[in-house]
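Colleague: Could you take me slowly through one part of this model, the way its helices pack against each other and what surrounds them? I am in my first year, so please explain the terms as you go.

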Amino acid sequence: MSNIMKKVSWSSREDDPGVAERTPLLNGTSRQFSSSDIFRIGRLSTVDLEDDKDGSSSELNQTEEIPHNEKLLSVRYESLDYDNSENQLFLEEERRMSLLGFRFLEFKRWLVCAFIGIFTGLVACFIDIVVEKLSDLKYHAVKQSIVKFTEAGGLCISLILWATLNAAFVLVGSLMVAFIEPVAAGSGIPQIKCYLNGVKIPRVVRLKTLLVKVFGVICSVAGGLAVGKEGPMIHSGAVIAAGISQGRTTSLKKDFKIFEYFRRDTEKRDFVSAGAAAGVSAAFGAPVGGVLFSLEEGASFWNQMLTWRIFFASMISTFTLNFFLSIYHGKPGDLSNPGLINFGRFEDEVKEYNLYEIPIFMCMGVIGGIIGALFNSLNYWLTIFRIRYVHRPFLQVAEAVLVASVTATVAFAMIYFSEDCKSLGEEPVEHPLQMFCKDGEYNSMATAFFNTPEKSVRSLFHDPPGLYKPQTLGLFTLSYFLLACWTYGLTVSAGVFIPSLLIGAAWGRLFGICLATSSNSMFADPGRYALIGAAAQLGGIVRMTLSLTVIIVEATGNVTFGLPIMLVLITAKIVGDYFVEGLYDIHIKLQSVPFLHWEPPPTSHALTAREVMSSPVICFKQVEKVGKIVDILSNTSTNHNGFPVVCDQEPKRLCGLILRSQLIVLLKHKVFVERVNSSLIQRKLQLKDFRDAYPRFPPIQSIHVSQDERQCMMDLREFMNPTPYTVPQETSLPRVFKLFRALGLRHLVVVDDENKVMGLVTRKDLARYHLGKHGLEELHLAQT
């Protein structure tokens with residue numbers, strides 16, 4: 001994040017003549033906000049941070065700490081236009097289209113969803129195969145070294161080799177993320193949640209982001225970090241959907257001249273929802289869970305037909321992955337690997353549970369909620385530290401390499417000092433390490449550490465009783481918990497799903513062993529407790545309920561345990577929410593994103609639209625002078641994105657709304673009244689011209705307008721939205737919030753009894769109110 005901050009006065013409107021959809025200022029200085037910046041609703045003071053004329057940039061580069069306050073709301077995030085502008089051009093195009101044309105459009109939507117599923121499945125297949133190959137090579141080399149030096153002495157060489165290989169993989173992945181595309185860091189789920197919520201996250205669905213994401217997560221998992229490859233698949237699927245649905249790539253400047261009708265935020269949002277669901281389906285082999293994930297965690301709009309298309313994309317994704325993995329494994333047509341992670345089928349005796357075990361499972365949900373809250377709290381303070389001190393790319397890369405080396409060192413030390421030896425038996429063990437065990441035996445601790453996290457989870461679910469000693473599971477749980485907490489938030493592409501499952505499976509199996517010890521054979525098999533512990537831990541960290549229940553049921557093929565898993569996830573969420581928010585919500589808040597939740601703050605009924613809106617508002621007349629439009633768009637202090645259009649005659653009542661992007665296209669094509677009345681104009685402007693400019697509309701500075709053209713007039717009536725959504729001044733904040741959130745609006749006009757424009761409500765006007773410890777609080781707006 002940048003360390004540029006600017007607080008804006010919201011209660012004193014005289015100095016704020018716009019609509020509060022702003023873009024960042026070019027320069028600024030940082031200032032540490034004290035705890036007094038957090039307060040209940042009242043009059044906000046204005047603090048002007050003037051540009052430093054004496055070269056503050058050199059001083060800024062020497063700053064060791066970037067001040068950060070989570071009680072800030074960033075003004076650098078813009079909203080997406082999910083509400084269609086039903087202007088004359090749009091209505092004329094719709095009227096010209098026949099019934100066959102509409103059906104052909106629907107067919108193309110299904111076709112795009114099929115492509116989304118196919119390409120998401122292919123990307124997942126590529127990630128899975130490359131990670132498997134690289135991990136096998138690494139573990140084989142380390143194992144050979146350990147076997148060689150166990151008897152001859154000098155195991156420190158094996159440790160150095162393991163740490164070096166880990167660090168090398170992570171170095172490559174971290175360099176790509178830090179210096180090529182920082183938005184590819186992490187799982188990407190918070191960013192996709194924000195995008196589907198209506199927030200424009202820069203570069204989040206670009207081709208370069210996808211490439212860095214894919215190769216970055218391969219390096220992270222192969223580098224032995226406490227991460228999984230499943231979370232980033234959701235981000236990858238969303239990027240694939242955004243690219244395919246537009247029929248072009250702006251990064252490569254290649255336009256395939258297809259799917260042009262879908263080049264708008266409304267259509268793109270629906271396809272991104274399908275891409276996120278396809279990513280979940282490819283990751284876990286859970287197409288229904290993918291649909292529910294998009295519904296529960298992301299989508300701001302939903303209908304029956306969209307549900308069918310998203311489910312179709314999810315099914316195609318998991319089938320594609322399954323099909324190509326069957327060919328890769330030499331068993332064409334054997335569709336038994338539906339997702340990147342295969343937990344395996346639980347045996348019949350493990351599926352059985354008794355009624356008296358349900359309270360025990362719910363107690364495990366409480367434990368998962370508490371441990372998840374502890375994980376989130378520790379990661380929160382660690383992220384604050386990173387924002388303040390580890391903000392330079394080379395420091396971020398250095399931290400990632402350090403974590404990779406420490407992970408290898410901890411794993412080696414745990415295996416070295418473990419005395420938990422088990423017989424090889426008939427079940428094959430991948431990469432068994434004998435270490436100091438007898439011939440025919442292997443080290444149990446190595447089963448958990450000397451493997452990819454997915455295979456370790458499967459081992460904890462299905463290995464027979466007695467394979468792990470309680471102290472082995474306890475030490476592994478503690479060490480992996482700390483490593484996973486340290487790892488999440490690094491400048492690498494990585495997910496938190498599998499580490500959470502692994503931590504929960506370890507302490508869940510330990511819980512089952514303790515029960516079996518205390519009650520003989522009543523709780524004989526710890527495998528089902530590993531499953532319940534994994535669900536409790538994942539639910540305690542990410543706080544998903546409906547979708548996570550279905551994902552785990554589909555991934556395990558264990559429908560019998562659907563009710564216990566659901567109860568455990570609900571319990572974990574309730575307990576965890578009592579202490580702290582979910583991990584994704586925490587990181588969204590730390591990025592100061594104006595995220596709108598499903599419901600408004602429960603104590604906000606006392607506020608009305610008059611108190612919330614931005615006022616006064618810059619308005620345009622139906623026929624406006626070009627020079628005035630250029631001046632307003634060029635003014636960086638009022639760099640807004642929506643402008644009400646008022647009637648030319650008195651009283652100036654509202655008659656429409658026009659966007660900055662539309663005005664820029666009109667200026668670029670010089671759609672002036674004087675040209676319409678002469679022979680200078682070649683053709684009438686169409687919606688295709690706006691779609692061609694989408695999504696990267698040119699800046700106003702790139703458009704040249706001569707002095708003569710500044711005196712011309714521009715008729716906005718054909719291009720404005722003549723029916724914008726409006727609310728009266730006395731409308732309560734909850735009602736404004738629900739209208740804004742449900743319709744996916746960017747601007748909501750506030751009018752008086754005579755339909756005169758009194759103000760404008762935008763996303764930041766609503767997102768700055770939240771429920772705090774002392775009641776309803778108002779966030780500062782800052783340039784972060």
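Modeller: An axis here is a line fitted to the C-alpha atoms of a helix, over the stretch in contact, and the angle between two axes runs from 0 to 180 degrees between their N-to-C directions. Please keep in mind throughout that this is a predicted model. With that term in hand, we can begin with helix α18 (residues 527-542) and helix α20 (residues 562-579), whose axes come within 8 Å and cross at roughly 35°. The crossing in which α18 passes α20 is right-handed. On the α18 side the contact is made by Leu531, Ile532, Ala535, Ala536, Gly539 and Gly540, and on the α20 side by Pro564, Ile565, Val568, Leu569 and Ala572. Sorted by class, this contact of α18 with α20 has 9 nonpolar and 2 polar residues, and no charged residues.

One of the residues just named leads us further into the model, since Ile565 is, with Trp162, Ile415 and Phe449, among those with the most contacts inside the largest nonpolar core, which has 143 residues. Helix α3 (residues 99-152) supplies the largest share of this core, 14 residues. Apart from this core lies another, of 32 residues, including Leu633, Val645, Leu666 and Ala693.

Let us look more closely at Phe449, which, leaving aside its neighbours within four places in sequence, is in contact with Tyr139, Ala411, Met414, Ile415, Phe476, Ser479, Tyr480 and Leu483. Among these partners, Ser479 lies in helix α16 (residues 470-487). Ser479 has 12% relative accessibility and therefore counts as buried, the cut-off for buried being under 20%. With its neighbours within four places in sequence again left aside, Ser479 is in contact with Val410, Met414 and Phe449.

For a second pair of helices, turn to helix α7 (residues 231-246) and helix α8 (residues 265-284), whose axes come within 7 Å and cross at roughly 140°. Because of that angle, α7 is oblique to α8. The crossing in which α7 passes α8 is right-handed. From α7 the contact includes Met233, Ile234, Gly237 and Ala238, while from α8 it includes Lys268, Phe271, Val272 and Gly275. By class, the contact of α7 with α8 has 11 nonpolar, 5 polar and 1 charged residues.

Note on methods
Residues are numbered from 1 along each chain as its sequence is written. This is a predicted model: local features need pLDDT of at least 70, side-chain atom pairs count only at pLDDT 80 or more; totals for chains, interfaces and linings use all residues. Side-chain values use heavy atoms; hydrogens and water are left out. A nonpolar core is a set of buried Ala, Val, Leu, Ile, Met, Phe, Trp, Tyr and Cys residues joined through side-chain atoms within 4.5 Å. Buried means under 20% relative accessible area, exposed over 50%, partly exposed in between (1.4 Å probe, protein chains only). Helices (H or I, at least four residues) and strands (E, at least two) are DSSP runs, numbered from the N terminus. Contact means heavy atoms within 4.5 Å. Angles under 35 degrees count as roughly parallel, over 145 as roughly antiparallel, 65 to 115 as roughly perpendicular and the rest as oblique. A crossing is left-handed if the near helix is turned anticlockwise from the far one by less than a right angle, and right-handed if clockwise. Ala, Val, Leu, Ile, Met, Phe, Trp, Tyr, Cys and Pro count as nonpolar, Asp, Glu, Lys and Arg as charged, and the others, Gly among them, as polar.
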